[in-house]
Structures are given as structure tokens and as C-alpha cells.
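Student: Hi! I would like to learn how to read a protein model step by step. Could you show me one and let me ask about it?

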Amino acid sequence: MTAQLLTGPAEPATDRTVVGENLSLPLFRTLSGVLAGHPYLKVVVDRAENTWHLLDTAAHPFHVNYIATRILGMDLTALDADLDAFNASVYMDPDRRFLLGVLSLHTDEDTEGRERTFLVLETTEADTMQGELLSSFYEFVRTRVDGRLPLLLKPANHGQEEALAAISEQSVPRILSHELFGSRARTPLNPGDATGRLRYFRTHDAYTEAAGALGWSDIVAMPCLPDDVPRVAGFLNTAPITPLSHTNVLASGWGIPNAIVRDLEQLVEKDGLDGAWIRYRVREDEIALERLDHAPDLQAPAWHQQRIRLEPPLLEDAPVLALHRLRSTDRDRYGTKAANLGELHHVLDSRTADLTAFYGRPRPPREDLHGHLAARLGLGAFHTGAPTPGELRAAAAEFVAAAVSAPNGVALPFALQQHFLASSTVLQQGIGKLKMALELDATDVLDSLCLQLQHLIRQTPVPESVTRQISQAFPADSGGRLVVRSSSNAEDLPGFSAAGVYDSVTTVHGTGELLDAVRQVWASLLSPRSVRLRHQVGISLDDTYMGVIIQEYVPASLGGVLVTCNPTRREDFRNVYLNCSPGSPEQVVEGSVLPQQYLYNTVEGGGRTVALGSWGDGLSATTRARLADLSLTGRLLQSHFSADDVDRPLDIEWLMTDRGDFRLVQIRPYAL
């Protein structure tokens, strides 16, 4: 229910907007539109005239257009020319003339199970309205709305939550966003459309029995899909998950719809959907399941014929290197993850990268967002003196270097894996058999061959020359705990993310365990699932290699994942989506807990809580402010790591150390 800070098309001729009238439920329904399944109505309070305007939603999609053209007599050209300053006057000026908001209509059940209808009032997420104005806004609306309808105020951001804390709930009744939407029946996770056969599994055991027979035309539904789900037409979850779960990252990378549909059991029983052909649609404001009368004439999806070609890996002898010595161009020798972490070290250490390109892109009617970035970096608001481009770049580089650090560690090149594999005739024979099976498309023996190879890799001794290189670069007998991560050349690719496909080992002590962990990571390159997924898109086994990252374990007080976009609303260029939970980020990535979820606006500023996950309490105001800085850092890094297309978002795993410092442990493209 967020009002927008953009101009829109010219208003249609029909306009039922009313001024000064009290609001009844019939009038509300006459003027309202529908968003995310809830009727909503835009309101403008004119403090100078002591009246309000109830906007016809169909005629006035944006508050600011209405105020400028219908109240102040401006034309849209003049508004567009000075849009940011105008927005500041209506959303941020403490002495503003206009108070802008949205009224939405909701229903729930009271303590006796009876349906209750109520209204919710909120501002736009970027509105800086504080306690006195919020209270005044609520009272103005309350006295003009049918008294039989309960009215609750919903803080639109963390700043408003904190401002309202000093105001009695008796005088300003309120509801928080996660309280209002946390239990809704249907939640979009990844937008898209699919036509396929619904396969509904009520338990994981039922899924396991049928998993081998699932195909590209199936739409898989179950409480929580496993990370090893095959590539299919669509996902449906009946239990809560986060948009940043492994399965939703896969859905995003594969371009398939995914949603939470808590009432699927009732829909399946009512319409006989299990095993039926359906048309499945996921949008921000719509999740639809339509049963088809007969099996459609489907063509195999594009990915079924898709062929991804890798850059040739460089297998000549290369040294084990400290991460800070790598650059992004080293991905053909050390893998994408290691190369990106090396590039991150370079960005933080050199402070020469241009981290402002995202904000320099035109966002019509704005020529750029440089003024907003200057405000976020503390260089003054967009309506004051603007810094030079050089000053802005320098401030961005200093901000990022102060906000985060990159992990220390070493990277093992592809050459070490190649030496290991070449050291065993039995391994070479097993790889040859697997290649033959792939060439013949002998899928019936594929899994057994992969499992045999993985077992052999874990049991084959590591050659002394390889062991020596690893131990000399990173002595494992120092007593500290190590983390061993995968870094393949067959991941984080356009059309092939491989999120959650390869192994990491996070509890490693001593040389023996280190070598075991390295072999486990190498073996994950030949798991049945990874081999099948690569084979589906034409990635040759000959071209696929695994580098390894070895890092010291760093205890974390908080960890998680952020993506520099809003996964469920792709046209939103403002917000960064962040998940976190106490401890390491692996809990969030693996889905072992339901994390806290936040959205942070990296243009106008501010943040809001989406869900509290498995924890009853939110984070402190201080920690949330730190997360806002982390989100802005991710957005700035996007300018460098997505230099060929600065609108392509990043997927960043991070942790907060016990000292309160942020460390980025992985950075990669987020597939949209």
C-alpha cells in the first residue's frame, strides 16, 4: 500500500474525487482501487484549508500529480522539472502544508471468530512525518471516517515506529506491517507465469518417492520445497519462506513463478487440482491458479534447449593465493566466488572504483539520482549545493570502505583439483564412464555413477605436492576453526546461478579435516543434481572445474543475505531486501530458520520491517540503522560489480562480527 514518488500519465476525463466529505464505506468502495487484494484509497489533507481530498484511484494514480495540477495549478512539465524538491516539500518538510496517505480496507476475525472490517492509514515509505504530525494526521482522518469502522495507523518506516513509541496507543491505535501482512494466505515470492501439471506433496517423504519422475512441465507444491528440487515449471509453498531462500533464488534464476499459498489444501480439495493441468500466475497483487479442462499442447521451455558455454578454464600450474591478491579476471583459474572476493578486497583497499554509476542512470523524469546519493552520504540534500562528481565518487568509496570488510583467506586454483584427479587411474576411469553416460543420455545410470565418483573422491589420498601447497599457504594446525567454500566456474552465470548446488564445510579443524573438506567440495562438482543441472543447459563436464576458498572462521552475532532489489517488485529501483538471523548467514541461506526480513530505501532513505521470522522481537533501532548502511553499501557495490548493466542486482552474504563489524563473505549476481 505504498504511495509512489513518481509522476504518472495524464488523468482520464472521468474523475469522482471528492473534497471535504466524510468517508463512508460505500463512498470508499466507489473511489478505491485494489492492490495486493485489498481495496485502497489515496487521501490528501490540506492543512491550510482544513479540508481533505479523497482521490478517485482510477483518475489519480499519484498524490503529487494531483496536488500540483488540481490544487496548486501547476502543469506536469513544471512538476517534472523540479520533482525532487516538490517531493521533499510534501514528504519531508516538517512544516508541510499537505499530509499524504493511503487508506486500505482489511478484514480479520475477532476473538469469537466473527469477521471484523477495519481501515488502515499509512503514509508513503519515504515520508519523514514524525510523532506530532502522525498524531494530527490520524485525528484528522478519524473524525471524518464512519465511526463504526475501526481505524489503525500503520507506521510506514522505522523512523515512524520510533516516533510513535512515545504516543499512547489509546490516542493513536496502530498496527505494524508484519502484524498486518505476516499471516496473509498468499504471498508472492517470484513473479512469473506457468502452465503445467500441479504435483502436490503433503510431506517430504511423499515428495522423495516421486522426485525422480518430476519433469519440466510440472508445478511442484509442498510445505517447503527442498534445495535439491529439479528444474520444473513452477514452485508453490504452503508454509512461510523468505524470498532469499535457496529455492527462491533458483526460481528467480530459472525465471519460474513461486509463491506462498497457505490455503492450497482447500483449493486442491475444492477444485481437484492435484495432478490437474493448471495455469499459474504470480504478480505482486495477484496469485492465481486456474484449472484447465484438458492437457495443453506445450512446447519444451527455452531452457530445455538452452546451451551455456563457459569460458575455457586455465589449468596450467597456478599458485595458491591470498584472496586479496585476486581480481575478477581470475575467475578462469580460481572460480567466480574467489575472484569476486578478491575484487572486493581491491575495491575496499584502493578506493578508486566508481561506486556511483547506479545513481547516475536516468530515472525519468529525473536525469539522475546524484542528489539523493549525496543526501545518503551526508553531503547535503538534493535541493542544496551539489557536490562535484569527483567528490561524490570519493565519498561513496570512503563510505563503503568504512562500512564493510572482505574476508581473509586463500584460494585454491583449478590446477590443484586437476592434479588430484589425474593422480588416480580409478578416478579417471570413473570420469570417463560418466562422460560416456552423458553423451548417450543414459539417465538411468547417471545417479549411481555420480555417487560412486563422489565416494572415490572422498577416499582417494591427496598427492603430497597438493597437500604441501595447501598447508604452506594456510597452516591448518594453528588450532583455529576454518571454513571451506566452493568456487566453481559453473555458477553465478547468466541463466545458471547454481545457488545451493555445491558444498561448503564450516566446521574444519586441523590438516586432516581440511583435506577432507577440500575433497568434499571437489566431490560436490559431481553430485547427481549438479551434473544433471549442468547437462540440461549444455555445460560440458570437460569444461567444469572447482576452486576452493579456505577462510578463518569468524564468530557472528548476526548474519544473513541481502539482494540489491525488491525480489517481488522488479520495477522498484529504490529498495534493497535484507534477511538476517542471530549467528551465521548459513542459517538464512539454508532455510533452517525463518529470518527477519527488512526493506531499505537506498534513494530517499528509511527502512521497514517485512517479517520477524522465528523471533518475536525485532532488532534495536541502532542495529537497524547499521543495516541501512549495509544496504546502501550493497547498492553502491552494484555499480562496480554490475558495471555492464548497473541495474543488475547483487546477492550478498554477510555477517556482523562479535565486535559489531560487517564482513561480506560472498558477492555474486542475483538472477532476475
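Student: In which sense do strand 16 and strand 26 pair?
Tutor: Happy to help, and keep in mind that this is a predicted model. Strand 26 covers residues 662-669, and two bridges link it to strand 16. One bridge partner is easy to find: Ser405 is matched with Arg663 in strand 26. The sense of the pairing is parallel.

Student: Which strands stand at the edges of the open sheet of seven strands?
Tutor: Start from the order of this open sheet, 16-26-25-21-22-23-24, where the pairing is mixed. An edge strand has a single partner strand, so one of its sides is left without a neighbour in the sheet. The strands at the edges are strand 16 (404-405) and strand 24 (607-611).

Student: At about what angle does helix 13 run to strand 26?
Tutor: Look for helix 13, which spans 336-350. This helix lies across both strand 16 and strand 26. Its angle to strand 26 is about 125 degrees.

Student: What is the order of the strands in the open sheet of five strands?
Tutor: Here the pairing is antiparallel. Strand 15 (321-322) and strand 19 (505-508) each have a single partner strand, so they stand at the edges. Reading across the sheet, the order is 15-17-20-18-19.

Student: Which residue is the bridge partner of Leu482 in strand 19?
Tutor: Strand 18 (residues 482-488) runs antiparallel to strand 19, and two bridges join them. In strand 19, Leu482 is partnered by Val508.

Student: Which strands does helix 13 lie across, when its angle to strand 18 is about 110 degrees?
Tutor: Follow helix 13 again, this time over the sheet of five strands, whose order includes 17, 20 and 18. Helix 13 lies across strand 17 (409-412), strand 18 and strand 20 (546-552).

Student: Are helix 18 and helix 19 roughly parallel or antiparallel to each other?
Tutor: Two packed helices are described by the angle between their axes and the distance between the axes. For helix 18 and helix 19, the axes come within 10 Å and cross at roughly 160 degrees. An angle over 145 degrees counts as roughly antiparallel. Helix 18 and helix 19 are therefore roughly antiparallel.

Student: How many nonpolar, polar and charged residues are in the contact of helix 18 with helix 19?
Tutor: Helix 18 contributes residues including Val426, Leu427, Gly430 and Lys433, while helix 19 contributes Leu449, Cys450 and Leu453, among others. Sorted by class, the contact has 13 nonpolar, one polar and one charged residues.

Student: Is Gln454 buried or exposed?
Tutor: Gln454 lies in helix 19. Leaving out residues up to four places away in sequence, Gln454 touches Ala523, Ser524, Leu526, Ser527 and Pro528. A residue counts as buried under 20% relative accessible area. At 7% relative accessibility, Gln454 is therefore buried.

Student: Are helix 2 and helix 4 roughly parallel or perpendicular to each other?
Tutor: The axes of helix 2 (residues 63-71) and helix 4 (residues 83-91) come within 11 Å and cross at roughly 100 degrees. The contact is made by His63, Val64, Ile67 and Ala68 of helix 2 and Phe86, Asn87, Val90 and Tyr91 of helix 4. Angles of 65 to 115 degrees count as roughly perpendicular. Helix 2 and helix 4 are therefore roughly perpendicular.

Student: What is the phi of Asp441?
Tutor: Most residues other than glycine have a negative phi. Asp441, in the loop between helix 18 (425-439) and helix 19 (443-459), is not a glycine, yet its phi is positive. The value is about 55 degrees.

Student: Is Thr352 buried or exposed?
Tutor: Thr352 is in the loop between helix 13 and helix 14. The cut-off for exposed is over 50% relative accessible area. With 61% relative accessibility, Thr352 therefore counts as exposed.

Student: Is the peptide bond from Pro364 to Pro365 cis or trans?
Tutor: Most peptide bonds are trans. Pro365 is in the loop between helix 14 (357-360) and helix 15 (370-376). For the bond from Pro364 to Pro365, omega is near 5 degrees, and the bond is cis.

Key. Residues are numbered from 1 along each chain as its sequence is written. This is a predicted model: local features need pLDDT of at least 70, side-chain atom pairs count only at pLDDT 80 or more; totals for chains, interfaces and linings use all residues. Side-chain values use heavy atoms; hydrogens and water are left out. Helices (H or I, at least four residues) and strands (E, at least two) are DSSP runs, numbered from the N terminus. Axes are lines fitted to C-alpha atoms, for helices over the stretch in contact, and angles run from 0 to 180 degrees between N-to-C directions. Angles under 35 degrees count as roughly parallel, over 145 as roughly antiparallel, 65 to 115 as roughly perpendicular and the rest as oblique. Contact means heavy atoms within 4.5 Å. Ala, Val, Leu, Ile, Met, Phe, Trp, Tyr, Cys and Pro count as nonpolar, Asp, Glu, Lys and Arg as charged, and the others, Gly among them, as polar. Two strands pair if DSSP finds at least two bridges between them. Buried means under 20% relative accessible area, exposed over 50%, partly exposed in between (1.4 Å probe, protein chains only).
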